[in-house]
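This report goes through one protein model with a bound ligand. Keep the sequence and the structure in view while reading.

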Amino acid sequence: MPLRKIDEQDLELMLSWRNHPVVRASMFSQGIIPLDQHKAWFRRESEKADSAWFLFFDMNQKPTGVVYFTDMNRIANHAFWGFYAAPEAPPGTGTKMGIEALDYIFNVEGYHKLNAEVLESNTRSHAFHRKLGFRIEGIFHDHYFGSDGYESVTRFALLASEWSRFREELVRR
Ligand SMILES: CC(C)(COP(=O)(O)OP(=O)(O)OC[C@H]1O[C@@H](n2cnc3c(N)ncnc32)[C@H](O)[C@@H]1OP(=O)(O)O)[C@@H](O)C(=O)NCCC(=O)NCCS
């Protein structure tokens, strides 16, 4: 499978992508993260039962992205996701990683619904979510406060039933 659970040995590579200006600008925590803090955070994160972090590998077995699920709720069967492609990854990487991740969460793990929260300024991610079939469920106005002041946050969602229909269309295109 092109997704593999992240472990200790992946942390430096993961952090080099996470600290890239383009990736940082898309996140809710935008400062540069030092390696020791990243390692301590990952240790805490890997002990949680309700989150899962994956490295995505391309056709040549090269790691080209990170995709993760958080707030995984096994009662309502919903979760949130997030992701970033390696800054040097070729176009198309995000779509391939997205398809693998959505197949995993819906078809392997059996979740019912996947949510995402996207900053207003992240037009790429807005277009990306729409491309994968996500719908807007709401807008939280002036919800995030960053270096440029307040920004709205859009909540996207995709249901398992919508994904099975949308996937066919996406792969056909
Ligand atoms: C979002 C991200 C994973 C997309 O990866 P990617 O490899 O560029 O994605 P793809 O090339 O497969 O493009 C997928 C879609 O994203 C959108 N997209 C990609 N680049 C774009 C750009 N420069 N401008 C607008 N939309 C863009 C388009 O909808 C595109 O579909 P299309 O090519 O059919 O028009 C990548 O840009 C990234 O890592 N961004 C920083 C992290 C991030 O924003 N994470 C999400 C936080 S909510």
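## The shell around the ligand

In this predicted model, 22 residues surround the ligand, and those that come nearest are Ser 26, Gly 94, Thr 95, Ala 127 and Phe 128. Five elements give two or more residues to this shell: α2 (21-24), β4 (78-85), α4 (93-108), β5 and α5. The largest share is that of α5, with six residues. Sorted by class, the shell consists of 11 nonpolar, nine polar and two charged residues.

Helix α5 covers residues 123-131 and lies across two strands, β5 (113-119) and β7 (149-159). Its direction makes an angle of about 160° with that of β5.

## The sheet

Seven strands form an open sheet with mixed pairing, in the order β1-β2-β3-β4-β5-β7-β6. At the edges are β1 (3-5) and β6 (135-146), each of which pairs on one side only. On average, neighbouring strands of this sheet are turned by 30° against each other, with direction ignored.

The edge strand β1 runs antiparallel to β2 (residues 52-57), and three bridges join the two. Within this pairing, Leu 3 of the chain has Phe 56 in β2 as its bridge partner.

## Three residues and their surroundings

Helix α4 contains Lys 96. Is Lys 96 buried, exposed or partly exposed? It has 18 C-beta neighbours inside 10 Å; a residue counts as buried at 20 or more and as exposed at 12 or fewer, so Lys 96 is partly exposed. Along the chain, Lys 96 and Pro 2 are 94 residues apart, yet their C-alpha atoms are separated by 9.6 Å.

The other two residues concern the backbone angle phi. Most residues other than glycine have a negative phi. Gln 61, which is not a glycine, has a positive phi of about 65°. This residue is found in the loop between β2 and β3 (63-73). Asp 142 also has a positive phi, near 45°, and lies in strand β6, an edge strand of the sheet.

Which C-beta counts make Gln 61 and Asp 142 exposed? Gln 61 is exposed because 7 other C-beta atoms lie within 10 Å, and Asp 142 is exposed because 11 do. The table sets out the counts for the three residues.

| Residue | Other C-beta atoms within 10 Å | Class |
|---|---|---|
| Lys 96 | 18 C-beta atoms | partly exposed |
| Gln 61 | 7 C-beta atoms | exposed |
| Asp 142 | 11 C-beta atoms | exposed |

Methods
Residues numbered from 1 in each chain as written. Predicted model: local features only at pLDDT ≥ 70, side-chain atom pairs only at ≥ 80, totals over all residues. Pairing = 2+ DSSP bridges. Helix = DSSP H or I, 4+ residues; strand = E, 2+ residues; numbered from the N terminus. Axes fitted to C-alpha atoms, helices over the stretch in contact; angles between N-to-C directions. Contact = placed C-beta atoms within 7 Å. Near = placed C-beta within 6 Å. Nonpolar A, V, L, I, M, F, W, Y, C, P; charged D, E, K, R; others polar.
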